[in-house]
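Open the model in your viewer and keep the sequence panel beside it. The stops below are given in the order in which to select them.

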Amino acid sequence: MMLFKLSLKNIKKSFKDYVIYFMTLILGVAIFYVFNAMDSQTAMMRLSQSTKEIVELMIYMLTGVSVVVALILGFLIVYASNFLIRRRKKEFGIYMTLGMGKREISRILLGETILIGLLSLAAGIGIGVFASQFMSILVAKMFETDMSAYTFIFSRQAAVKTVACFGIMYLIVIIFNVFTISRYKLIDLFHACRKNEKGRLKSSGLAVVLFAVSCAVLAYAYIQVAFHTQELDQQKTMLMIVLGCVGTFLMFWSLSGFLLKLLQRIGKFYHRGLNAFVLRQVNSNINTAVFSMTIICLLFFVTITVLSTGLSLNHAFRQELTRNCPVDMNLVKTMDVPGSTDDPAVAASLLTVEESMKNLDFDFSLLQDWVEITVYTDETFTWNQVFRGEMKEEVEKKFPRIRWDGCQSIVGVSEYNKLASYYGMPVCELSEGEYQVVCDFSSMERLFNRSLADNTPVTIGETTLLPRETVCADGFLLMNIQNSNLGFYLVPDSVIAEYAGTVLSREENILAANYAAEKKQEKKEIEERVKAWMNDDAVWRNMAGSGIAVDGLTKIYIYDSAVGLSSVITFIAIYLGIVFLIAGAALLALKELSESTVNKERYAILDKIGVDEKQKHQALLWQMGIFFGLPMLLAMIHAVFGILYASNLLNMYAEKDMRSSLVFTGAFLIFVYGGYFLATYMGSRRIIDEK
Amino acid sequence: MEQILEVRDVEKYYGSKGNFTKALDDISFSVDAGEFVGIMGASGSGKTTLLNCISTIDRVTCGNILVSGKDVTVLKGNRLNKFRREELGFVFQDFNLLDTMTAYENIALALSIQKVPVREIEKRVEEIAEKLDIEDVLKKYPYQMSGGQKQRVASARAVIGNPKLILADEPTGALDSRASRMLLKSFEYLNESMKATILMVTHDAFTASYASRILFIKDGKLFSELRREKEESRKLFFEKIIDVVSLLGGELNDVI
């Protein structure tokens, strides 16, 4: 009982030192609860089938991400508690001289950990329960469901999970503590406060060389990642990540030494006021924390990149959707299956989409208007004709599994123009003897452009066609979430007329239609009826039985899943972003506070030689500012190239889409990071001002 | 002779009403420019309290302390810091050097906080380093130096700003006898050649024997005063000090 009282007193006494650690724990618990409670929060919502699938996917992914989050938080907690223990060496020394055994000291620490653990879990889950109610509103808004069925929810499962996860972490902390204590010798404990800068001396020449090396390594990785994105395969990407980590480590190892060397050259600056002192402080701070600075910087890098790309992905999705979903419905049907017409499948494959729909009792009054076109193939017109000579080898290298006998899709120009103008896309013009490729999937587009620029001739039957232009035309046949038209060939109508049924066979028919409605609600009602028709057993059996299905996609369905997908990404980005940022900021703050005893002695010397309070505080502010600023600055530089990489990979247009999410990310960073910075500065100031 | 320091009826109490200790009990003395004064006394006699009061680190309960005619007991805030920075130099028992900085930087810091131009800083640091024989250690960090070297660097820092008064608190307390002797030689040099005024607190008779005048404090009161006569050998002065110390009673015997 006495020991427990001691624990309680210790916590009370050092509460101000613990406050950042404690707040971080509470935040960690709360965030963990909120994202794990998503399951029960969404269970109460009335979601459409497609959204429900997405929500399930989201919860599944969040569970996976939670494992990563738990690992990060676990690392943070173990690391932080180790910091705090080391600060208290002298206190333990006193206990031991008074005759207390290591076992008792371990028990005091056990009591403290349990107390802090219980308090942080209780407070964290409490906050989490309230925060998760707001989260449900956010989710509801994102998935555009109504909140009428809303009730206050406490997710027992999430609470249990949180308690279990953090319980394990605290257990690990206890084991670590016992281990650390058992290694202490009384003599070390007494000399703990006399810790002097020792053996940290680095040759400044080496620092300059390594700084140059780290700059070179990072620059190489930056260029590869940002400007040669498409050339990076999995192995190379891994290499770039490793180079980035190594470069960051070397940078922190050498940076302060390099800066010091550089600024010492400028004696005027170095020997003005407390500049020399501040720089030395920063140098010593960073040199004792190269590894943690690296980790922190990388955490921030992930935070910034994930948040800004994750959020703008959402934005980019929505913008592309308007372009990619111009009509209400697409139906596709396979045509002209070879074989005897006695086979019901073959018979069904001869009908157009419209004829099939009539046969299956589709209510055409639901539709305002529609357009149907045919896509042809020619057995002899394969990739072999598109890429020849050197191009062929290059393509083979890039896509080793390409099927060279894969047929190209062919559409007559006037049919395509009918569809394109129905979609509101630009139409194409072709003269006799010309062809054009329509493609909007960027990596394929690049390849086709090469083929077009080479003026590659194309032969259909006995007609040879030449490209009309040197670049692909923009357009697509079917609606989709993203630009995903892998390319098809437009040929003059005369070619179709001449070879249809002989060289050219009908591959599929595509029907595009608009619902006979204007308002969103009416469209939704029609959508339900169309779906009911498609899911109707009789219709389904009829089609499935013949093996020839009328496949469809509707605008509403695409929108639902796109919104869902981008929401999933956004949620995961926010989850990871917050946790990484908090972990990094807390590590920095605790590292700085754990140095405060040493700092206090140094600032006391300044006091004795007559430095003004204000100057002293300014020096501290600079010291902290640089210490907090450096990893963030490097992370931001990393992030610029990381974001470039991501936007290259995801085909986003950086400046347009990113602005708002960058602003959000920035505001978020300033808020959280600024908060940690201020708390640390105030805490340190309090410690150095203590007499 | 110009009076650098005047301590007038200084008293210092610790604790609250009803239960307090008189650390300093009505002490008065003065120090002239160019003097090297030692203050001796047993542990708890109040000598360090006195030094702290003069150095404005601690405040007197009543009485006045004048440094070159200026009453320092009424100074506050930044004016106090300015006073400390410009008029006083300190040497402490535990050196109080910044472990993150080289000897050169430690010495230069005292000047750069006074906004002395870099060129002059350079000149003055080199000058003082030569005089105190610490040129070899200028580029070293405190942990690479011996105790004696550290204390000489600290002395260099204390005198470089040309302070009116140098205050030394047990400067040889953490040094072995050889290093002590070298440091005291430096003090002697500073006092004689550079005309620095030094006030040194010590409980070591040998250290004290380098001073030109010694004040003995017992239980917060000025007990006795000893002046080194002109042409008097240090050995003789040392023996006189020992005599006073034994007169002070058993309390000081343990330190000889």
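Which residues of H8(B) are buried, that is, under 20% relative accessible area (1.4 Å probe, protein chains only)? Select B:Phe237, B:Ile241, B:Ile242, B:Val244, B:Val245 and B:Leu248: these are the buried residues of H8(B). They lie on the same side of H8(B), because they cover an arc of only 165° around the axis, the arc being that of the directions from the helix axis to the C-beta atoms.

This is a predicted model, in which local features need pLDDT of at least 70 and side-chain atom pairs count only at pLDDT 80 or more, while totals for chains, interfaces and linings use all residues. Residues are numbered from 1 along each chain as its sequence is written, chains are lettered from A and ligands numbered from 1 in the order in which they are written, and side-chain values use heavy atoms, with hydrogens and water left out.

Next, select B:Lys235 and B:Leu247, exposed residues (over 50%) on the face of H8(B) turned away from its buried side. Then pick B:Ser246, also in helix H8 of chain B. B:Ser246 counts as partly exposed (between those two cut-offs) because its relative accessibility is 42%.

Now move to chain A and select helix H23 (residues 555-594) and helix H24 (residues 596-608), which pack at an angle of about 50° with their axes 5 Å apart. That angle makes H23(A) oblique to H24(A), oblique being what is left after under 35 degrees (roughly parallel), over 145 (roughly antiparallel) and 65 to 115 (roughly perpendicular). Show A:Glu592, A:Leu593 and A:Ser594 in H23(A), which meet A:Ser596, A:Thr597 and A:Asn599 in H24(A), with heavy atoms within 4.5 Å counting as contact.

Notes
Helix = DSSP H or I, 4+ residues; strand = E, 2+ residues; numbered from the N terminus. Axes fitted to C-alpha atoms, helices over the stretch in contact; angles between N-to-C directions.
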